[in-house]
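Thanks for coming, everyone. I would like to walk you through one model this morning, so please have a look at the display before I go on.

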Amino acid sequence: MEITEKVAYLKGLAEGMELDTAKKEGKLLSAVIDVLEDIALELEELKEAQEELGDGLDAVSDDLEDVEELLYDEDDEDDDLYEDGIDDESCYATTCPSCEETIYFDDTVLEDGEVICPNCGEKLEFDFAGPDDEEEEPEE
């Protein structure tokens, strides 16, 4: 039984009891029932408005899900290209020792010999001198 139905039942009981609204008690009970009726009607309106908002929110959520799917699927494909090394440009990746995030960069960064981590600001330097590249000391 809905609240409005319960209030209507109370109103019917009061009318069936033939309350004398000229007396203080009758006026009080009549006023309380009227207030309950107003509250029940307001609650019903709020419930309907909430259902409409919920339906609208579901529609927006579905639309947002579609947009996220489009955006993130494209980003996932780009990440796969970088990780697999299939991108048209030469792209490299390294892990920042400070924040442990993967950093992607191209040949120009390698030429500079350093890169700033966009996540934490740590400066990473690259040294390409290998054991064969070291200068040999002249033999005496």
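**The hairpin and the nonpolar patch**

Strands β1 and β2 form a hairpin with six residues between them, and Glu100, in the turn, has a positive phi of about 60°. Strands here are DSSP runs of E with at least two residues, helices are runs of H or I with at least four, and both are numbered from the N terminus. This is a predicted model, in which local features need pLDDT of at least 70 and side-chain atom pairs count only at pLDDT 80 or more, while totals for chains, interfaces and linings use all residues. Residues are numbered from 1 along each chain as its sequence is written, and side-chain values use heavy atoms, with hydrogens and water left out.

Staying with the hairpin, β1 (residues 91-95) pairs with β2 in the antiparallel sense over five bridges, where pairing requires that DSSP finds at least two bridges between the strands. Thr95 stands opposite Thr102 in β2. Along β2 (residues 102-106), Ile103 and Phe105 point to one face and are buried, whereas Thr102, Tyr104 and Asp106 point to the other and are not; buried means under 20% relative accessible area, exposed over 50%, and partly exposed in between, with a 1.4 Å probe and protein chains only.

Turning to the helices, Leu28 lies in α2, and this residue counts as exposed because its relative accessibility is 55%.

Finally, confidence: pLDDT, the predictor's confidence in each residue, runs from 0 to 100. The protein averages 81, with 79% of the residues scoring at least 70. Helix α3 (residues 107-112) has the lowest confidence, at a mean of 76, and α1 the highest, at 90.
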